[in-house]
Amino acid sequence: MKLRIILACLASIYLSGCSGTPEDTTAVEPLNDAQATYERARSSIAAGNYSTAAQTLKSMSTRYPFGPLAHQVQLDLIYVYYKLADIDKALAAIDRFSRLNPNHHDLDYVLYMRGLVNQRADYNAIQELAGIDRSDRDPSKAKEAFNDFAQLLRRFPDSKYAADAQQRMVGIKSRLARYELAVAEYYITREAYLAAANRGKYVLEYYSDTPEAEQALKIMADSYGRLQLNDLRDNALATLRQNFPDSPYLR
């Protein structure tokens, strides 16, 4: 009798253990599969295979939208789209992440990447390699990048990305100043000297700490001279002489 009871108990324990096995496997396998898939994506990124990485990460974001890797997948997608110079997808991913995760601890990185993406949109590799000066091209993306970096510094002044963002803002200011000077030069060819002088004045007001301020003063002096506004011309020359005493424009 005792033997029958013992055998019945052992059978009950065995059956309950078997019934629990499929549920346990189901709970573990998706996480393992997601981790393995993510590791493949990271390997593709490390190898520079950004198109493959984008496909893998996009698939993960669809299959595991709420998993433990969901946020990191979205952050990696932003980086991959940036490396692929896919501006529209990168900005869409950035804006979506910022909207859904306004308090995320990596939000400073997201803002930094937004600046990089807009800066890349302003950059034309073919023109740069060919040595073509296109300072007159639309500066709207450069302005967006500048504002993105400024927002990063304002909201996260201690971010590890802050120093690089600040340095990039210096370069963008020169880019924007060159655009104003290109427009001023165009006005000079059209003999619209007052408009040219105003563009130079704009550079002094907003980009006075850039090297382009020297040329802005020269344009102002020349334009005021053409208009016979001698006091304004002399003021521009005096400012040029004080700040750039070795300027070739003074000769």
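The following paragraphs lead through the helices, salt bridges and surface patches of this structure, which is a predicted model.

The protein has 11 helices and 0 strands. Read from the N terminus, its elements therefore follow one another as α-α-α-α-α-α-α-α-α-α-α, with helices and strands assigned as DSSP runs. Of the 251 residues in the protein, 36% are buried.

Helix α2 is a convenient place to begin. Its 14 residues, 50-63, should span 20 Å at 1.5 Å a residue, and this agrees with the 20 Å between its end C-alpha atoms. The expected figure is 1.5 Å times one less than the number of residues. Along α2, the buried residues include Tyr-50, Ala-53, Ala-54 and Thr-56. Leu-57, Met-60 and Ser-61 are buried in α2 as well.

Lys-58 also lies in helix α2, but its surroundings are of another kind. Because its relative accessibility is 47%, Lys-58 counts as partly exposed, a class that lies between the limits of 20% and 50%. On the surface, Lys-58 joins Lys-89, Arg-96 and Arg-99 in a patch of positive charge. Helix α4 (residues 87-100) supplies the largest share of this positive patch, namely 3 residues.

A further residue of α2 leads from the surface patches to the salt bridges, of which a search of the whole structure finds 13. Arg-63 and Asp-33 form a salt bridge through their side chains, with an N to O distance of 2.7 Å. This pair links distant parts of the chain, since Arg-63 belongs to helix α2 and Asp-33 to helix α1 (residues 2-46), 30 residues apart. Both partners are partly exposed: Arg-63 has a relative accessible area of 48%, and Asp-33 has a relative accessibility of 30%.

A second salt bridge joins Arg-137 to Asp-122, whose closest N and O atoms are 3.5 Å apart. Here too the pair links distant parts of the chain: Arg-137 sits in the loop between α6 (125-130) and α7 (140-155), whereas Asp-122 is in helix α5 (residues 107-122), 15 residues apart. Arg-137 and Asp-122 are both buried, which means that each has under 20% relative accessible area.

A third salt bridge is found within one helix. The side chains of Arg-168 and Asp-164 meet at 2.7 Å, N to O. Because Arg-168 and Asp-164 are 4 residues apart in helix α8 (residues 162-189), about one helical turn separates them. Arg-168 is partly exposed, with a relative accessible area of 27%, and Asp-164 is likewise partly exposed, at 31%. Elsewhere, salt bridges that share partners connect Asp-95, Arg-114 and Asp-148 in one network.

The surface also carries a nonpolar patch. Leu-194, Leu-227, Leu-229 and Leu-232 make up this patch, and together they have about 310 Å² of accessible area. One of these residues, Leu-194, is located in helix α9 (residues 193-206). With a relative accessibility of 48%, Leu-194 counts as partly exposed; this value therefore satisfies the requirement of over 30% relative accessible area for membership in a patch.

Note on methods:
Residues numbered from 1 in each chain as written. Predicted model: local features only at pLDDT ≥ 70, side-chain atom pairs only at ≥ 80, totals over all residues. Heavy atoms only, no water. Helix = DSSP H or I, 4+ residues; strand = E, 2+ residues; numbered from the N terminus. Buried < 20%, exposed > 50% of the residue type's maximum accessible area, 1.4 Å probe, protein only. Patch = residues over 30% accessible without salt bridge, like charges linked within 9 Å, V, L, I, M, F, W, Y side chains within 5 Å. Areas by Shrake-Rupley, 256 points an atom, 1.4 Å probe, with all protein chains shown as cover. Salt bridge = Lys/Arg side-chain N within 4 Å of Asp/Glu carboxyl O. Lys, Arg positive; Asp, Glu negative; His and termini not counted. Charge placed at Lys NZ, Arg CZ, Asp CG, Glu CD.
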